[in-house]
Amino acid sequence: MRCTHCGAMIPDDMLYCPECHMEVQIVPDYNPLEDVLAQEVKGSIEDATRQIRTDDIRRYRRDGTREYSNSTRVLNQGELDEIRARRNAAARQGRQPGRAASGPSRQPGADSRYQTGRTSTGSVRQGSRSSTGPMRQTGRNTGSMRQTGRMATGSMRQSTGSMRQERNEAEERRRQQIARKKRLAKKRRQRALIIVLVLLILAGVLGFVFYQNSYTGQIRKGNQALVTNDYTLAETYFNKAISKNDKRAEAYTGLSKVYSQQDDLEGAEAVFMTAISAQPSNVELYQAAIDFYVETKQLLKISELLDGCEDDNVLLGVKSYVSEEPEFSLEEGTYPEVQEVSLSSAGEAIYYTTDGSEPDTSSTKYQDPILLEEGTTTIKAISVNKKKIPSLTASRVYNVDIPVEDAPAVTPSTGQYDTATQITINVPEGYTAYYTMDGTDPSAASAKYEGPIDMPQGQTMFCAVLVSKSGKTTQITKRNYVLELPE
């Protein structure tokens with residue numbers, strides 16, 4: 001081996017450089033990577049699931065190089081004592097131990113030193129051999145460790161390669177399994193989608209068939225026939241719908257349109273009246289009939305329809321169409337004097353007549369009480385609610401019979417008069433006086449009394465009568481006058 005100081009070759013059995021005489025430092029040929037590899041191999045054997053990682057090997061190699069770059073072999077105590085003895089002997093001789101050992105001497109006295117040097121050198125060589133033996137053994141052990149490390153490294157590399165191959169194969173199998181699962185899932189989805197589509201188509205077909213034969217389907221086909229004015233076919237469809245469900249009103253409404261579109265309102269009305277008579281508690285039928293009357297502008301018939309209903313639930317269901325008759329403040333009958341009548345209603349307006357005719361919204365609108373004069377008066381009235389539905393007509397007959405006055409009082413009394421005189425008639429309130437002067441019975445067609453009358457000359461038969469506003473006449477008052485004026 002070479003000296004680390006001067007580069008000279010050093011024999012294997014020497015501990016000092018023959019050139020620079022520097023002590024040789026023996027460093028064991030030790031590679032820390034081998035321990036790492038051996039430990040990893042051991043760990044791999046003990047736990048096959050743990051893999052050797054490349055970054056761990058690099059870290060151990062880096063740390064080992066840094067830790068053992070200046071390592072030296074540790075000598076035993078005998079070797080240290082021998083080296084100290086040689087150094088002390090060389091110091092006493094005043095030269096380096098290497099030089100005394102190698103340089104020959106022929107001087108007297110030098111034999112002993114030469115002998116001593118040879119002895120020391122032999123001892124050193126012997127010690128060197130003795131110490132080199134273990135070092136060589138250590139070297140051989142190190143070589144064995146290297147070989148073991150190489151084997152372990154090869155086994156580890158082979159194991160790592162095998163594990164990598166197994167891992168790749170497992171990964172490939174896993175990818176194939178995932179792809180196979182995806183294909184199976186896709187097929188299942190496609191199959192499920194096809195099944196759903198088939199079910200939807202079947203459901204649609206069945207639903208269409210069911211709908212065509214259902215109540216709603218019959219109504220729809222009936223309405224389509226009405227649009228094309230095929231009344232016979234429309235009537236057939238609506239009657240089929242009624243046979244499927246006679247409680248619902250759509251079929252009756254459609255059937256009534258079959259008649260109303262042919263201007264047969266009585267036939268259309270009869271459809272509802274027949275149904276209502278069979279189902280007097282069916283609110284839906286009543287509502288359909290009301291809609292028919294509103295559409296055909298027969299509002300008064302709504303009140304006639306509801307007036308015949310005795311079911312409170314029906315009246316409650318169509319209460320917005322109910323129009324109550326007006327109420328009269330005076331009971332009908334005969335009264336001896338003039339009267340007033342008031343009308344009231346829950347509706348928005350009241351219309352009335354006093355001539356016995358039927359009232360409507362064009363008649364007199366009630367605002368103030370109605371005055372009943374002498375004679376017979378018939379009052380008829382209707383009430384109109386918020387939906388403009390007129391009520392049934394309420395009617396009352398009143399008779400005001402005022403007692404007839406006695407014959408009218410006429411002045412002067414019967415007799416002869418020789419001075420100019422005026423004739424007067426006492427006319428009570430509510431009466432009109434009529435008179436004659438030729439002895440005939442007076443009437444409403446006779447002369448009307450408007451003030452005092454001059455008595456004519458000669459003989460006069462004066463007759464007077466009172467006529468009430470109702471046309472009643474009193475008894476006749478007669479006076480016989482003779483007026484002779486002096487010449």
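# Exercises on strands, rings and cysteines

Five of the seven residues of strand 17 are buried, so this strand is largely enclosed by the rest of the structure. Buried means under 20% relative accessible area, exposed over 50%, and partly exposed in between, with a 1.4 Å probe and protein chains only. Strands (E, at least two residues) and helices (H or I, at least four) are DSSP runs numbered from the N terminus.

The model is predicted: local features need pLDDT of at least 70 and side-chain atom pairs pLDDT 80 or more, while totals for chains, interfaces and linings use all residues. Residues are numbered from 1 along each chain as its sequence is written, and side-chain values use heavy atoms, with hydrogens and water left out.

**Exercise 1.** Place strand 17 in its sheet and state how strand 17 pairs with strand 11 and with strand 16.

Step 1. The sheet is open, has five strands in the order 11-17-16-13-14, and its pairing is mixed. Strand 11 (415-417) and strand 14 (447-448) are the edge strands; each has a single partner strand, so one side of each lacks a neighbour in the sheet.

Step 2. Two strands count as paired if DSSP finds at least two bridges between them. Strand 17 (residues 477-483) runs parallel to strand 11, with three bridges. Here Gly415 has Tyr481 as its bridge partner, and Gln416 stands opposite Val482.

Step 3. With strand 16 (residues 458-468), strand 17 pairs in the antiparallel sense over seven bridges. On this side Thr460 stands opposite Tyr481.

**Exercise 2.** Describe the surroundings of Thr474.

Step 1. Thr474 sits in the loop between strand 16 and strand 17. Its relative accessibility is 6%, so Thr474 counts as buried.

Step 2. Neighbours within four places in sequence are set aside, and contact means heavy atoms within 4.5 Å. The contacts of Thr474 are then Val404, Glu405, Asp406, Ala407, Pro408, Tyr431, Val465 and Leu466.

**Exercise 3.** Classify the ring pairs Phe272 with Phe292 and Tyr352 with Tyr366.

Step 1. Rings of Phe, Tyr and Trp (its six-membered ring) pair if their centres lie within 6.5 Å; planes under 30 degrees apart are stacked, over 60 edge-to-face, and the rest tilted. The whole structure has five aromatic pairs.

Step 2. For Phe272 and Phe292 the centres are 5.6 Å apart and the planes stand at 40°, so this pair is tilted. Phe272 belongs to helix 9 (residues 265-278) and Phe292 to helix 10 (residues 283-295), so the pair ties together parts 20 residues apart in sequence. Both Phe272 and Phe292 are buried.

Step 3. For Tyr352 and Tyr366 the centres are 6.2 Å apart and the planes stand at 70°, so this pair is edge-to-face. Tyr352 is in strand 5 (residues 349-353), and Tyr366 is 14 residues away in the loop between strand 6 (364-365) and strand 7 (370-372). Tyr352 and Tyr366 are both buried.

Step 4. Ring pairs also join Phe272, Phe292 and Tyr293 into a cluster.

**Exercise 4.** Determine the disulfide status of Cys3 and Cys20.

Step 1. A disulfide is a pair of cysteine sulfur atoms within 2.5 Å. The structure holds zero disulfides.

Step 2. Cys3 is in no disulfide, and its nearest cysteine sulfur, that of Cys20, is 3.7 Å away. Cys3 is buried at a relative accessible area of 9%.

Step 3. The closest cysteine sulfur to that of Cys20 is in Cys17, at 3.5 Å, too far for a bond. Cys20 is partly exposed, with a relative accessible area of 27%.
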